[in-house]
Amino acid sequence: MRIMGLDYGSKTVGVAISDPLGLTAQGIETICRKEENKLRKTLARIEALAQEYQVEEIVLGFPKNMNNTVGDRAEKSLEFKEMLERRTALPVTMWDERLTTVEAERTLIENNVRREDRKKYVDKIAAVFYLAGISGFCLFQTEVRRGYGRSVGVLWKRLHLHLKEKIRQ
């Protein structure tokens, strides 16, 4: 089952797609628009990508405030979620995205991506991190059910290292 991760911003949407098993994710593209409220072409592109990659679920970043409140940006993400569900007829899961952009930026710095080039990749990488979070969560549940009892930290570290390797390629 392929899952699409979306990092919805005021002028861009980072897009990532999982592999068919839902174990890894790759950044596909960053969709740009000139105005925040001009979403018709953005939604059409997301719908086309969902069909092309045979996506069965969408994970959308939910930018809650650090104190766990829902601010203006999070409200806009909830509105975008409703638009996505109507347009694609796919289930959309909100994923707490706090600090993922910071982590994406840090990963790009660690991999010596030039400052001028980071803006092109940061949204796409953040979307990959959403899918990694979902994959890690699902993988952790599977490990616990199997009785291996690995900690979330060990699994997250494994996924993080895998993502860093993908970025270098």
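The following questions and answers concern a predicted model and its local features.

Reader: What is the mean pLDDT of the protein, and where is confidence lowest?
Author: Residues are numbered from 1 along each chain as its sequence is written. In this predicted model, local features need pLDDT of at least 70, side-chain atom pairs count only at pLDDT 80 or more, totals for chains, interfaces and linings use all residues, and side-chain values use heavy atoms, with hydrogens and water left out. The mean pLDDT (the predictor's confidence in each residue, from 0 to 100) is 78, and 77% of residues reach 70 or more. Confidence is highest in helix α1 (residues 40-52), at 95, and lowest, at a mean of 53, in helix α5 (residues 152-168).

Reader: Over which residues does pLDDT stay under 50, and how many contacts beyond four places in sequence does the model have for them?
Author: The stretch concerned is residues 137-153. Contact here means heavy atoms within 4.5 Å. Beyond four places in sequence, the number of contacts in the model for this stretch is 14.

Reader: Which strands pair with β1, and in which sense, parallel or antiparallel?
Author: Helices (H or I, at least four residues) and strands (E, at least two) are DSSP runs, numbered from the N terminus, and two strands pair if DSSP finds at least two bridges between them. With β2, strand β1 forms a hairpin that has 3 residues between the strands, and L6 has V15 as its bridge partner in β2. On the β4 side, I3 stands opposite E57. The partners are thus β2, over 5 bridges and antiparallel, and β4, over 5 bridges and parallel.

Reader: Where does K11 lie, and is K11 buried or partly exposed?
Author: K11 lies in the loop between β1 (2-8) and β2 (12-18). Not counting residues up to four places away in sequence, K11 touches I31, C32, R33 and K34, and its C-alpha atom is separated by 6.4 Å from that of E35, 24 residues apart along the chain. Buried means under 20% relative accessible area, exposed over 50%, and partly exposed in between (1.4 Å probe, protein chains only). Because its relative accessible area is 47%, K11 is partly exposed.

Reader: Which residues form the aromatic pair, and how is it arranged?
Author: Rings of Phe, Tyr and Trp (its six-membered ring) pair if their centres lie within 6.5 Å; planes under 30 degrees apart count as stacked, over 60 as edge-to-face and the rest as tilted. By this rule there is 1 aromatic pair. Y8 and F80 lie 4.0 Å centre to centre with 5 degrees between the planes, so the pair Y8 and F80 is stacked. The pair links Y8 in strand β1 to F80 in helix α2 (residues 72-88), 72 residues apart.

Reader: Which element gives the most residues to the largest nonpolar core?
Author: A nonpolar core is a set of buried Ala, Val, Leu, Ile, Met, Phe, Trp, Tyr and Cys residues joined through side-chain atoms within 4.5 Å. The largest has 19 residues, and those with the most contacts inside it are M4, L6, I46, I58, F80 and L84. The elements giving two or more residues are β1, β2, α1, β4 (55-62) and α2. The one that gives the most, with 4 residues, is α1.

Reader: In which helix is S77 found, and which residues is S77 in contact with?
Author: S77 is found in helix α2. S77 is buried, with a relative accessible area of 0%. Leaving aside neighbours within four places in sequence, the residues in contact with S77 are Y8, L60, G61, P63 and M94.
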